[in-house]
Amino acid sequence: FGDSSAKLGERFAGIHARVGCRASWAAGEVHFEWLDGFKADVNGQPNRFNGYAIGFDGKVYILQFLQLSSVIPEALRFKLPAVVNRVQPFATLGFGYLEFSGPGDLDGWDFAVRFGAGVDIWITREVSLGVDFSYVKPASDPIKSLDYYSLSVGIAYMF
């Protein structure tokens, strides 16, 4: 589930769903986000929008990259205790499709870019709790002014 904001402090509800694959310190996901009650000013008038975003996100798990990547020379890599490795911060970069519908003819779609950061806390080898914060920016008109911040909290299961 998500809580997203057109501007910081201005909230609306949404749902996030993700399916992906992770290998070592990198992951790729298909990310779906449904948004309900997005508030934005268009031509000086406040309006409410509903919409959704579908995107392809890439994640880099920062601590695992520093421990496991062959890009880092072996002598510079470090090892963390297993307890600390359960906490895995990450950075996200993605792109996709964004569509909104509003009152009258205030409908539109656009390509969008998402970037952000978060943390996964692994409870078991298969189950984690995650929190991430991202910023989504449409690429061009007609809805480029409908950028937003998204806060997502959820549970993940790894097969």
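Which residue lies over the face of F90? Select K59 and F90 together and you'll find out: K59 is the one, at 4.2 Å from the ring centre. Keep in mind as you click around that this is a predicted model.

**Stop 1: another charge over a ring**

Now pick R22 and Y61. R22 sits over the face of Y61, and the distance to the ring centre is 3.6 Å. Remember R22, as it turns up again at a later stop.

**Stop 2: the ring pairs**

Colour the aromatic residues. Across the whole structure there are 12 aromatic pairs. Start with F32 and Y52: their ring centres are 6.2 Å apart and their planes meet at 25°, so this pair is stacked. Follow the chain between them and you'll see that the pair links distant parts of it, with F32 in strand 3, Y52 in strand 4, and 20 residues of separation. Are these two rings buried or exposed? Neither quite fits: F32 counts as partly exposed at 35% relative accessibility, and Y52 is partly exposed too, with a relative accessible area of 27%.

Next, select W109 and F111. Here the ring centres are 5.4 Å apart and the planes stand at 85°, so the pair is edge-to-face. W109 is partly exposed, its relative accessible area being 43%, while F111 reaches 52% and counts as exposed. Add Y97 to your selection, and you have a cluster: ring pairs link F32, Y52, Y97, W109 and F111.

**Stop 3: the nonpolar core**

Clear the selection and pick L35, F38, F49, A53, L98, F100, A112, V136, L146 and Y148. These 10 residues make up the largest nonpolar core. Which strands each supply at least two of its residues? Strand 3, strand 4 and strand 5 do. Leave A53 highlighted for the next stop.

**Stop 4: two cavities**

Time to look for enclosed space. The count comes to two cavities of 30 Å³ or more. The largest holds about 80 Å³ of space. To find it, select A53, I54, G55, G96 and R114, which are the closest to its centre among the 13 residues that line it. Strand 4 (45–61), strand 5 (87–101) and strand 6 (108–122) are the elements that give two or more residues to this lining. Sorted by class, the lining of the largest cavity has seven nonpolar, four polar and two charged residues.

For the second largest cavity, with about 50 Å³ of space, select R18, D57, T92, R114 and D132. Those five lie nearest its centre, out of 13 lining residues. R114 is therefore worth a label, being listed close to the centre of the largest cavity and of the second largest one. Two or more residues of the second lining come from each of strand 3 (26–42), strand 4, strand 5, strand 6 and strand 7 (127–138). What classes do you meet in this lining? It divides into three nonpolar, four polar and six charged residues.

**Stop 5: the pockets**

Switch on a surface view and go to the largest pocket, which holds about 660 Å³ of space. Centre on R18, E29, I155, A156 and Y157, the residues nearest its centre in a lining of 30. Strand 2 (11–23), strand 3, strand 4, strand 6, strand 7 and strand 8 (148–157) each supply at least two lining residues. Which strand gives the most? That's strand 2, with seven residues. By class, the lining of the largest pocket comes to 17 nonpolar, seven polar and six charged residues.

The second largest pocket has about 350 Å³ of space. Select R22, Q64, A82, N85, R86, Q88, W122, T124, R125 and M158 to show its lining. There's R22 again, the residue over the face of Y61. This lining divides into three nonpolar, four polar and three charged residues.

**Last stop: a far-off neighbour**

Finish in strand 8, where you'll find S152. S152 has a relative accessible area of 5%, so it is buried. Now select H16 as well and draw a line from C-alpha to C-alpha: the two residues are 7.2 Å apart in space and 136 residues apart in sequence.

Definitions and conventions:
Residues numbered from 1 in each chain as written. Predicted model: local features only at pLDDT ≥ 70, side-chain atom pairs only at ≥ 80, totals over all residues. Heavy atoms only, no water. 1 Å grid on protein atoms, 1.4 Å probe; cavity = no way out; pocket = protein on both sides within 12 Å on 5 of 7 lines; lining within 4 Å. Points joined across faces, edges and corners; volume = space filled by probe spheres on them. Helix = DSSP H or I, 4+ residues; strand = E, 2+ residues; numbered from the N terminus. Nonpolar A, V, L, I, M, F, W, Y, C, P; charged D, E, K, R; others polar. Core = buried A, V, L, I, M, F, W, Y, C linked by side-chain atoms within 4.5 Å. Buried < 20%, exposed > 50% of the residue type's maximum accessible area, 1.4 Å probe, protein only. Phe/Tyr/Trp six-rings, centres within 6.5 Å; stacked < 30°, edge-to-face > 60°. Lys NZ or Arg CZ within 6 Å of the ring centre and 35° of its normal.
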